[in-house]
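Here are my notes on this model, set out as numbered points. Have the sequence and the fold open while you read.

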Amino acid sequence: MDDATPARLVLSGPEDLDRVDDVRAGVDAILVGAGTVRADDPRLLVRSAARRDARVARGLPETPLRVVLSRGGPLDPAARVFTGPPTLVLTTGAAPDVPAAVETVSDLPAALALLHERGVRRLLVEGGAAVHTAFLAAGLVDELHLAVAPLLVGSGPPFVHPAAFPADRWRLAGVDTVGDVAVLRLLRGPA
């Protein structure tokens with residue numbers, strides 16, 4: 001989430017950002033949409049040196065594969081996601097001119113199949129709203145972490161856009177206080 005101002009709104013505190021870094025260290029790939037790349041210019045890296053070292057000790061790259069999902073349109077070749085470790089751009093439209101591997105896919109299931117072929121078994125979908133909506137509406141999310149910050153945001157993009165979501169009931173698997181943020185962990189389906 002963000003607000004309507006041009007500056008990036010950081011809702012999480014240092015403890016929750018560290019929790020997210022730990023989650024990143026445990027996955028095979030991190031995915032965001034092109035809109036998030038344009039708006040936030042994320043790096044999508046594991047920040048902790050100890051976590052990077054632990055990944056390397058397990059025979060993994062320092063940081064998971066970075067994936068950008070795009071419907072086409074320009075992406076800044078100087079965006080931070082295109083520097084450092086490899087990035088893969090999956091597009092359903094025209095291939096952007098970026099310093100990264102680019103694959104054209106027909107839809108979201110084809111994108112996931114391609115990632116599976118590349119060894120991705122645990123995918124962290126970080127956003128934004130269009131990507132959250134697509135994954136949730138297609139029933140492709142097994143686990144959802146909702147961080148609730150003590151801040152009211154009255155404008156800006158939502159977590160998801162209106163869509164026909166599956167009627168599946170989510171079950172609450174845990175609630176943690178992480179600094180001043182409450183993190184709800186939800187799993188799809190019955191207990």
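1. A word on terms before anything else: a residue is called buried when its relative accessible area is under 20%, exposed when it is over 50%, and partly exposed in between. Keep in mind, too, that this is a predicted model. With that cut-off, Arg51 counts as buried because its relative accessibility is 17%.

2. What does Arg51 pair with? One partner is Asp18, in a salt bridge whose closest N and O atoms sit 2.9 Å apart. Asp18 belongs to helix H1 (residues 14-25) and Arg51 to helix H3 (residues 49-57), so the bridge joins distant parts of the chain, 33 residues apart. Unlike the buried Arg51, Asp18 is partly exposed, at 40% relative accessible area.

3. Asp22 is another partner: its side chain meets that of Arg51 in a salt bridge at 3.3 Å, N to O. Here again H3 and H1 are involved, with Arg51 in the former and Asp22 in the latter, so parts 29 residues apart in sequence are tied together. Asp22 has a relative accessible area of 45%, which means it is partly exposed. Add Asp21 and you have the network: Asp18, Asp21, Asp22 and Arg51 are linked by salt bridges.

4. Where else should you look for charge pairs? The search of the whole structure turns up 10 salt bridges. One of them brings together the side chains of Arg80 and Asp41, at 3.7 Å from N to O. This pair also links distant parts of the chain, 39 residues apart: Arg80 is in the loop between strand E2 (65-70) and strand E3 (87-91), while Asp41 is in the loop between helix H2 (34-40) and H3. Both ends are partly exposed, Arg80 with a relative accessible area of 37% and Asp41 with 27%.

5. Asp41 turns up again in the surroundings of Thr36. Thr36 is in helix H2 and is buried, with a relative accessible area of 16%. Setting aside residues up to four places away in sequence, Thr36 touches Asp41, Pro42, Gly127 and Gly128.

6. Now the nonpolar interior. The largest nonpolar core has 16 residues, and the ones touching the most other members are Leu31, Val67, Leu69, Leu90, Leu115 and Phe135. Two or more residues each come from strand E1 (29-33), E2, E3, helix H4 (108-117) and helix H5 (129-137). H4 gives the largest share, 4 residues.

7. Leu115 is worth clicking on. Not counting neighbours within four places in sequence, Leu115 is in contact with Leu31, Leu65, Val67, Leu88, Leu90, Val120 and Leu123. There is also a second, separate core of 15 residues, with Val32, Ala34, Val89 and Leu124 among them.

8. Which residues of H5 are buried? They are Ala129, Val131, His132, Thr133, Phe135 and Leu136. These buried residues pack against E1, E2 and H4, and also against strand E5 (123-127), strand E7 (170-178) and strand E8 (181-188). Just after H5, have a look at Gly139, which takes a positive phi of about 70°.

9. On E7, pick out Ala173. Ala173 is partly exposed, at 33% relative accessible area. Leaving out neighbours within four places in sequence, Ala173 contacts Arg185, Leu186 and Leu187. Glu143 is 30 residues from Ala173 in sequence, and the two C-alpha atoms are 9.3 Å apart in space.

10. Last, a pocket. The second largest one holds about 190 Å³ of space. What lines the second largest pocket? The lining is made up of Asp28, Arg55, Leu60, Pro61, Thr63, Pro64, Leu65, Pro85, Pro86, Arg118, Gly119 and Val120. By type, that lining divides into 7 nonpolar, 2 polar and 3 charged residues. Two of the names, Leu65 and Val120, also appear among the contacts of Leu115.

Terms used: Residues are numbered from 1 along each chain as its sequence is written. This is a predicted model: local features need pLDDT of at least 70, side-chain atom pairs count only at pLDDT 80 or more; totals for chains, interfaces and linings use all residues. Side-chain values use heavy atoms; hydrogens and water are left out. A salt bridge is a side-chain nitrogen of Lys or Arg within 4 Å of a carboxyl oxygen of Asp or Glu. Buried means under 20% relative accessible area, exposed over 50%, partly exposed in between (1.4 Å probe, protein chains only). On a 1 Å grid over the protein atoms alone, a cavity is a set of points where a 1.4 Å probe fits but cannot get out, and a pocket is an open set with protein on both sides within 12 Å along at least five of seven lines; lining residues have an atom within 4 Å of a point. Grid points are joined across faces, edges and corners, and a volume is the space filled by probe spheres set on the points. Ala, Val, Leu, Ile, Met, Phe, Trp, Tyr, Cys and Pro count as nonpolar, Asp, Glu, Lys and Arg as charged, and the others, Gly among them, as polar. A nonpolar core is a set of buried Ala, Val, Leu, Ile, Met, Phe, Trp, Tyr and Cys residues joined through side-chain atoms within 4.5 Å. Contact means heavy atoms within 4.5 Å.
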